[in-house]
Amino acid sequence: ESIDPDEYLYQTIKEWAMTLDYVSGQKMRDQFSLGHPKSARMFKRLIADGIVEDNKNPTSSKGCRVLVHDHGYGETYIDNPALDETQYEEEDL
């Protein structure tokens, strides 16, 4: 079974991004030595997958906020209510 190089790169970028609080295309380009078109595709996919906040006009030079975190402790922390699959019973609220 062959592994698609772009998919492997995306998974690597995703794991890296999930250790950060903010990420930008520039940080991604610097970290992985990517060109602008490829980093833009990867960044858009992070947004589409709900890993990074979809912020059309980030007000911070830090970039966009990372919504899903994994700091290497085996737990993933979701800072995005839209991705939280926890279901509550009506009487629990």
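Me: Why is Asp6 called partly exposed?
Reply: Its relative accessible area is 32%. Buried means under 20% relative accessible area, exposed over 50%, and partly exposed in between (1.4 Å probe, protein chains only). The value 32% falls in between, so Asp6 is partly exposed.

Me: What kind of model is this?
Reply: This is a predicted model, in which local features need pLDDT of at least 70, side-chain atom pairs count only at pLDDT 80 or more, and totals for chains, interfaces and linings use all residues. Residues are numbered from 1 along each chain as its sequence is written, and side-chain values use heavy atoms, with hydrogens and water left out.

Me: How many helices and strands does the protein have?
Reply: It has three helices and four strands. Helices (H or I, at least four residues) and strands (E, at least two) are DSSP runs, numbered from the N terminus. Along the sequence the pattern reads α-β-α-α-β-β-β.

Me: What makes Lys38 and Asp6 a salt bridge?
Reply: Their side chains meet at 3.0 Å, N to O. A salt bridge is a side-chain nitrogen of Lys or Arg within 4 Å of a carboxyl oxygen of Asp or Glu. The distance of 3.0 Å is within 4 Å, so the pair counts. Side chains of opposite charge can pair when their charged atoms come close.

Me: Which parts of the chain do Lys38 and Asp6 link?
Reply: Lys38 lies in helix H3 (residues 36-48) and Asp6 in helix H1 (residues 5-17). The two are 32 residues apart, so the pair links distant parts of the chain.

Me: Is Lys38 buried, exposed or partly exposed, and how do you know?
Reply: Lys38 has 27% relative accessibility. That is between the two cut-offs, so Lys38 counts as partly exposed.

Me: How many salt bridges does the structure hold?
Reply: It holds four. One of them joins Asp49 and Arg45 at 3.8 Å, N to O. Asp49 is partly exposed at 37%, and Arg45 is partly exposed at 30%.

Me: Which residues are linked in a network of salt bridges?
Reply: Glu7, Arg45 and Asp49 are.

Me: What makes Arg65 and Glu53 a salt bridge?
Reply: Their closest N and O atoms are 3.7 Å apart. That value is within the cut-off, so the pair qualifies. Arg65 lies in strand S2 (residues 64-65) and Glu53 in the loop between H3 and S2, so the pair ties together parts twelve residues apart in sequence. Relative accessibility is 28% for Arg65 and 25% for Glu53. Both therefore count as partly exposed.

Me: How do H1 and H3 pack?
Reply: Their angle is about 60°, and their axes are 10 Å apart. Axes are lines fitted to C-alpha atoms, for helices over the stretch in contact, and angles run from 0 to 180 degrees between N-to-C directions.

Me: Which residues of H3 does H1 meet?
Reply: H1 meets Lys38, Met42, Arg45 and Leu46 in H3. Among the H1 residues in this contact (heavy atoms within 4.5 Å) are Asp6, Leu9, Tyr10 and Ala17. The contact residues divide into six nonpolar, one polar and five charged. Here Ala, Val, Leu, Ile, Met, Phe, Trp, Tyr, Cys and Pro count as nonpolar, Asp, Glu, Lys and Arg as charged, and the others, Gly among them, as polar.

Me: Why are H2 and H3 called oblique?
Reply: The axes of helix H2 (residues 25-32) and H3 come within 9 Å and cross at roughly 120°. Angles under 35 degrees count as roughly parallel, over 145 as roughly antiparallel, 65 to 115 as roughly perpendicular and the rest as oblique. The angle of roughly 120° belongs to the rest, so H2 and H3 are oblique to each other.

Me: How do you know that Ala17 is buried?
Reply: Its relative accessible area is 0%. This is under the cut-off, so Ala17 is buried. Ala17 sits in helix H1. Leaving aside neighbours within four places in sequence, Ala17 is in contact with Leu46 and Val66.

Me: Why is Ser33 called exposed?
Reply: Ser33 has 67% relative accessibility, over the cut-off, so Ser33 counts as exposed. Ser33 is in the loop between H2 and H3. Its phi is near 50°, a positive value in a residue other than glycine.
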